[in-house]
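Visitor: I am new to this structure. Please give me a close look at a single part, the aromatic pairing, and then show me what else is worth a stop.

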Amino acid sequence: MPASSTSTLSLAGRLRDLGDDDLVALLSLREVRDVRVRDFFDLADALLDSTSIQRALSELDRSTIAAVAALGTDDTGLTVARVVALTKAAHWDATTLEAGLKSAYAIGLVDHAGDKWLPYGPVTEQLRNWPSIGLPSFDQLVSEGAPAILAPVSRSDIRFIDHIASEKAWGAVN
């Protein structure tokens, strides 16, 4: 689905104003696969494509995703204090959330004007669709803990498990 014209126009303006080094930095963090990019509007459309947005979101931590999702609650933009209030159940502080919003801004997922952080429509829409693809909603992001991280299995455990498995397999053959 194409990005909204307002979001595309806003992001294209930002991209146009970036210096070469900043543009290269943004593009090194965001993958653009569309070979038809001819100008900043095409690049903005490519960055606001749902697949590109999802890829970028998958690289962010939970607090950053929640901060970006919070922006989707108000199209006119939110201050960091308001984002903190909306995510209070998760107990993230203003410094953490502002750092996350700055990261999201650096990769073209949100905009910033004055003291307000502004959502891009396609990013908000992507996050609102998360529950339909088995990912957490905004409410779940802020009210539920992150899933447990599985500890890696040590090499000695792997060898032990492989040894037991081979003995069982060998016993089944004989």
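Guide: We start with the whole chain, go to the aromatic rings, and then visit a few other places.

This is a predicted model, so local features need pLDDT of at least 70, side-chain atom pairs count only at pLDDT 80 or more, and totals for chains, interfaces and linings use all residues. Numbering starts from 1 along each chain as its sequence is written, and side-chain values use heavy atoms, with hydrogens and water left out.

First, the frame. The chain has 10 helices and two strands. These are DSSP runs numbered from the N terminus: helices are H or I with at least four residues, strands are E with at least two. Along the sequence the pattern reads α-α-α-α-α-α-α-β-β-α-α-α. The chain holds 174 residues, and 34% of them are buried. Buried means under 20% relative accessible area, exposed means over 50%, and partly exposed lies in between (1.4 Å probe, protein chains only).

Now the rings. How many aromatic pairs does the count give? It gives one. The rule takes rings of Phe, Tyr and Trp (its six-membered ring) with centres within 6.5 Å; planes under 30 degrees apart are stacked, over 60 edge-to-face, the rest tilted. The partners are Tyr-105 and Trp-117. Their centres lie 6.2 Å apart, and their planes stand at 80°. That makes the pair edge-to-face.

Where do the partners sit? Tyr-105 is in helix 7, which covers residues 94–106. Trp-117 belongs to strand 2, residues 116–119. The two are 12 residues apart, and the pair links distant parts of the chain.

Buried or exposed? Trp-117 counts as buried because its relative accessible area is 3%. Tyr-105 has 30% relative accessibility, so Tyr-105 is partly exposed.

Tyr-105 has another neighbour. Arg-14 lies over the face of the Tyr-105 ring, 3.7 Å from the ring centre. A charge sits over a ring if NZ of Lys or CZ of Arg is within 6 Å of the centre and within 35 degrees of the ring normal.

Next stop, Thr-8. Thr-8 is part of helix 1, residues 5–17. At 8% relative accessible area, Thr-8 is buried. The side chain of Thr-8 makes a polar contact of 3.0 Å with the side chain of Asp-45. Such a contact is a pair of N or O atoms within 3.5 Å; within protein, one must be able to donate a hydrogen and the other to accept it, and residues adjacent in sequence count only through side-chain atoms on both sides.

On to helix 3, residues 40–47. Which of its residues are buried? They are Asp-42, Leu-43, Ala-44, Ala-46 and Leu-47. The N-terminal end of helix 3 has a cap, Asp-39. One of the side-chain oxygens of Asp-39 lies 3.1 Å from the backbone nitrogen of Phe-41.

Last, the stretch before helix 7. Ala-81 lies in helix 6. Ala-81 is exposed because its relative accessibility is 57%. From Ala-81 to Asp-93 is 12 residues in sequence, yet 9.4 Å in space, C-alpha to C-alpha. His-91 is in the loop between helix 6 (80–86) and helix 7. His-91 counts as exposed, with 69% relative accessible area. What is its phi? Near 65°, a positive value in a residue other than glycine.
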